[in-house]
Every structure is written in structure tokens, then in C-alpha cells.
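Got the model open in your viewer? Let's walk through it together, one selection at a time.

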Amino acid sequence: MTKFTVNDRPVQYRMDPDTPLLWALRDASNLTGTKYGCGTGDCGACTVDIDGEAVRSCQLSIANAEGRFVTTVEALSPDRGHPLQQAFAADNVSQCGYCVPGVIMAASVLLRRNSNPTDEQIDAAITNICRCGIYPRLRGAIKRAGRIMRGEERIAAAPPPGITPEEAARSVPALGRSASPPKRQP
């Protein structure tokens, strides 16, 4: 049995010790924010924070995670209030969003070490691949998150998760249920 800490909780996995951490997180712990992209460690969609380092979880076995502290995007902020999450939302960084959890985890490691990184430091730390091409907005959002962390800037919070369909319908009337269903055309 492999034992380590995930998102500040001790875990024990009864899986083959050679199982990639990615699959233990996704399949056994249902932490699906960590994405499978390439399986070779090249794309970074599976990046997690392990003991303060950005690590590609598809390349690390659970045996090699033994005794370590793993943080996934789910633990970064339960209410999407982390400065990176706020900056990504405010700057409309995401397109399809598939790479974003891995990018945010790599950026969180960078900003924890240096809240005022240069473009060169950002480029060196964020080697994740984005098929949509978020790169032009990415640097700006990381720098903005650094300013937020340093207390130099504030932005409005992103909507919290868990909005009910009823609340959404009140906010967006087109989502509400009509009195009668639309008639189908023959």
C-alpha cells in the first residue's frame, strides 16, 4: 500500500506501485482537475505541486510519491479565489480550458517562489503546451496574479462554483423553463 498526502489529507492507495500518480488522482481519488494530455510528460496538462515543485504526474509512479505532499488544482482554492484563478478569469486566458489546471499549478509554484517574475522566468517555468495558444495572455495573467499576491492590485472575484440551475435561470432568463415546451415542426 502506497501512502502520501494529497491536498492536505493522508491517502493510501491499494494499487500497483508502478501506477502513474495521474491515474491514482483521477481514478482512485476522483480529482479530475488533473488532466491526461500526452502520457509522456511533454504537455503539462497533468502538472501537480509535489513538495513545492511542479511535477508531471503522468511520469511519477505512486511508489515515488510515497511520503510526499501532493497538491492538485482542486486544493488551490475551493472558491476559485486564488490570485491565479482570479487573474485567469479576469484576463479571459482560458479558451478550451483543458491545459489550464496544469498551467495554473506550474504558475502557482513559480509565484510562491517569486511573486514578481520576468517574462524569461515565466517562459522557463511554464513549459506546458496549449493547443489554443493562450500564451500572449498567459504572461499578463501570471504577472497580474503576482500583483494581487503582493497586495498591489485587487480584482472582483470569479463566480463561485455550485450555482444552482434556479440561480442561473434568474441571472440568465433564457435558461429558465418556459410554461410550455416548444412545438416541434414536422
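Before the first stop, one working rule: here, contact means heavy atoms within 4.5 Å. Keep in mind, too, that this is a predicted model.

**Stop 1: helix H1 and its cover**

Start by selecting residues 21–28, which form helix H1. Which of its residues are buried? They are Leu21, Leu22, Ala24 and Leu25. Now bring up strand S1 (2–6), strand S2 (9–13), strand S3 (47–50) and strand S5 (69–71): these strands are among what covers the buried residues of H1. Before you leave, click on Asn30, just after H1, where phi is positive at about 60°.

**Stop 2: Asn7 in its loop**

Next, go to the loop between S1 and S2 and pick out Asn7. Is Asn7 buried or exposed? Its relative accessibility is 16%, so Asn7 counts as buried, the cut-off for buried being under 20%. To see what surrounds Asn7, leave aside the neighbours within four places in sequence and show its contacts: Leu31, Val70, Thr71, Thr72, Glu74 and Ala75.

**Stop 3: where H3 meets H4**

Now select helix H3 (residues 83–90) together with helix H4 (residues 100–113). Two packed helices are described by the angle between their axes and the distance between the axes. Here the axes of H3 and H4 come within 10 Å and cross at roughly 125°, which makes H3 oblique to H4. The crossing of the two helices is right-handed.

Show side chains to see who meets whom. From H3 come Leu84, Gln85 and Phe88, and they meet Val100, Val103, Ile104, Ala107, Ser108 and Leu111 of H4. Sorted by class, this contact holds 7 nonpolar residues, 2 polar ones and no charged ones.

**Stop 4: the nonpolar cores**

Stay in this region and widen the selection. The largest nonpolar core has 23 residues, and those with the most contacts inside it are Leu84, Phe88, Ile104, Ile126, Leu138 and Ile142. Which elements give two or more residues to this core? They are helix H2 (73–76), H3, H4 and helix H6 (135–149). H4 gives the most, with 8 residues.

For a closer look, centre on Ile126. Apart from its neighbours within four places in sequence, Ile126 is in contact with Val103, Ala106, Ala107, Leu138 and Ile142.

For the last selection, try Val6, Leu21, Ala24 and Ile62: they are included in a second, separate core of 15 residues. Two of these names should be familiar from the first stop, as Leu21 and Ala24 are among the buried residues of H1.

Conventions: Residues numbered from 1 in each chain as written. Predicted model: local features only at pLDDT ≥ 70, side-chain atom pairs only at ≥ 80, totals over all residues. Heavy atoms only, no water. Axes fitted to C-alpha atoms, helices over the stretch in contact; angles between N-to-C directions. Helix = DSSP H or I, 4+ residues; strand = E, 2+ residues; numbered from the N terminus. Parallel < 35°, antiparallel > 145°, perpendicular 65-115°, else oblique. Left-handed = near helix turned anticlockwise from the far one by under 90°. Nonpolar A, V, L, I, M, F, W, Y, C, P; charged D, E, K, R; others polar. Buried < 20%, exposed > 50% of the residue type's maximum accessible area, 1.4 Å probe, protein only. Core = buried A, V, L, I, M, F, W, Y, C linked by side-chain atoms within 4.5 Å.
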